[in-house]
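I opened my notebook to get to know a new structure, one look-up at a time. Come along if it is new to you too.

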Amino acid sequence: RRPVSAAEINRELTTLKRMFSLAMQAGKLLHKPHVPLLRENNTRTGFFEPEQFQSVRRHLPEAIQPIVTFAYITGWRIASEVLPLQWRQVDFEAGEIRLDAGTTKNGEGRVFVMSDDLRTLLKTQQTRHEDLKKAGHLCPYVFFRLVAEKRGGEKKPHCVKAFTKVWKNACRAAGCPGRIPHDLRRTAVRNMVRRGVPERVAMKLTGHKTRSVFERYNIVSDGDLMFAAKQLNGLLNSPAQVRVAAIAVGSPQSTVPHGPSDPA
């Protein structure tokens with residue numbers, strides 16, 4: 001016997017509800033009973049501050065560092081979108097990385113325009129790829145690691161399938177135990193919003209189809225709250241400056257009170 005989570009119970013209840021639905025469709029039942037689900041409080045809220053990410057990356061093997069960097073910038077799903085990425089999907093001339101329709105979670109294709117950091121990362125990977133070609137090894141994958149097929153044998157490039165063990169060790173060494181690679185996706189969303197990328201554009205870049213899920217990824221940290229407090233310093237002392245700031249972000253001028261020496 002072991003403790004059973006609300007999520008596990010809900011999965012079985014969902015199966016039961018589906019059975020009742022199928023029975024109704026087959027004419028075996030006239031109506032189905034109401035089966036309430038338990039409340040699940042398992043929403044993850046992990047993300048990385050910049051210094052935490054840099055520390056974790058330093059403790060990862062060299063072949064894994066570009067993978068997590070790519071995920072940190074793009075917010076793409078590592079297992080299904082980053083690791084299988086091939087060079088045919090990278091267009092340096094157009095400055096784009098493309099995901100084919102049918103390969104993403106929502107089934108839609110996606111395009112990510114290269115930032116300077118992303119282009120530098122991919123150019124470095126391209127250099128490694130060209131070195132492999134000169135050595136007689138063809139590898140279609142952007143991210144790979146060299147693996148010897150036999151002990152002491154020649155190392156050849158292979159697509160990275162997972163890096164669970166080295167990830168856990170790196171997080172522990174960096175003082176961030178318990179973090180998961182998917183936290184990089186949450187971090188990328190948060191970084192885009194903090195840097196002023198419109199939310200609808202950020203959703204396009206990361207592949208979020210619904211705003212409700214996107215909002216769960218747009219996490220507010222203690223650092224965000226401290227920054228907001230600094231932005232509000234002097235709010236009551238400089239009404240003229242406050243009005244100018246309000247106009248700059250599109251707020252109605254009438255909503256800002258005018259001081260005695262601040263004629264409308």
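Below are my entries, from the whole chain down to a few helices and one residue.

**Entry: the whole chain**

I noted before anything else that this is a predicted model. I then looked up the secondary structure and found eleven helices and five strands. How much of the chain counts as buried? I read off 33% of the 264 residues. I also checked contacts between residues at least 6 apart in sequence, and 52% of them join residues at least 24 apart.

**Entry: helix α2 and its two sides**

I went to α2, residues 50-58, and asked which of its residues are buried. I found F53, S55 and V56 on that list. Seen down the axis of α2, the buried residues fall within an arc of 165°, so they line one face of the helix. On the face turned away from that buried side, I found the exposed residues E51 and R58. What covers the buried residues of α2? My list of covering elements includes α3, α6 (164-173) and α7.

**Entry: α2 against α3**

Since α3 was on that list, I looked at the pair next. Helix α3 spans residues 65-74, and it packs against α2 at an angle of about 160°, with the axes 9 Å apart. Angles over 145 degrees count as roughly antiparallel, which means α2 is roughly antiparallel to α3. I noted the crossing of α2 and α3 as right-handed. On the α2 side, I wrote down P50, F53, R57 and R58 as making the contact, and on the α3 side Q65, V68, T69 and Y72. I sorted the residues of this contact by class: four are nonpolar, two polar and two charged. F53 turned up again here, as a buried residue of α2 that is also part of the contact with α3.

**Entry: α3 against α7**

How do the axes of α3 and α7 cross? I found that they come within 6 Å of each other and cross at roughly 45°, with α7 covering residues 183-194. That angle makes α3 oblique to α7. From α3, I listed V68, A71, Y72, I73 and T74, which meet L184, T187, A188, N191 and M192 of α7. By class, I counted seven nonpolar, three polar and no charged residues in the contact of α3 with α7. I recognised V68 and Y72 of α3, which meet α7 and also take part in the contact with α2.

**Entry: α7 against α8**

I followed α7 on to α8, residues 199-206, and found the two packed at an angle of about 150°, with their axes 10 Å apart. That makes α7 roughly antiparallel to α8. I noted that α7 passes α8 in a right-handed crossing. The contact is made by R185, V189, M192 and V193 of α7 and by E199, A202, L205 and T206 of α8. I sorted the residues of the contact of α7 with α8 into five nonpolar, one polar and two charged. I spotted M192 of α7 here, having already met M192 in the contact with α3.

**Entry: one residue, R128**

Where does R128 sit? I found R128 in helix α5, residues 116-134. At 23% relative accessibility, I put R128 down as partly exposed. Leaving aside neighbours within four places in sequence, I found R128 in contact with A63 and F144. I also looked up R128 and F143, which are 15 residues apart in sequence and 9.8 Å apart in space, C-alpha to C-alpha.

Definitions and conventions
Residues are numbered from 1 along each chain as its sequence is written. This is a predicted model: local features need pLDDT of at least 70, side-chain atom pairs count only at pLDDT 80 or more; totals for chains, interfaces and linings use all residues. Side-chain values use heavy atoms; hydrogens and water are left out. Axes are lines fitted to C-alpha atoms, for helices over the stretch in contact, and angles run from 0 to 180 degrees between N-to-C directions. Helices (H or I, at least four residues) and strands (E, at least two) are DSSP runs, numbered from the N terminus. Angles under 35 degrees count as roughly parallel, over 145 as roughly antiparallel, 65 to 115 as roughly perpendicular and the rest as oblique. A crossing is left-handed if the near helix is turned anticlockwise from the far one by less than a right angle, and right-handed if clockwise. Contact means heavy atoms within 4.5 Å. Ala, Val, Leu, Ile, Met, Phe, Trp, Tyr, Cys and Pro count as nonpolar, Asp, Glu, Lys and Arg as charged, and the others, Gly among them, as polar. Buried means under 20% relative accessible area, exposed over 50%, partly exposed in between (1.4 Å probe, protein chains only). The arc is that of the directions from the helix axis to the C-beta atoms.
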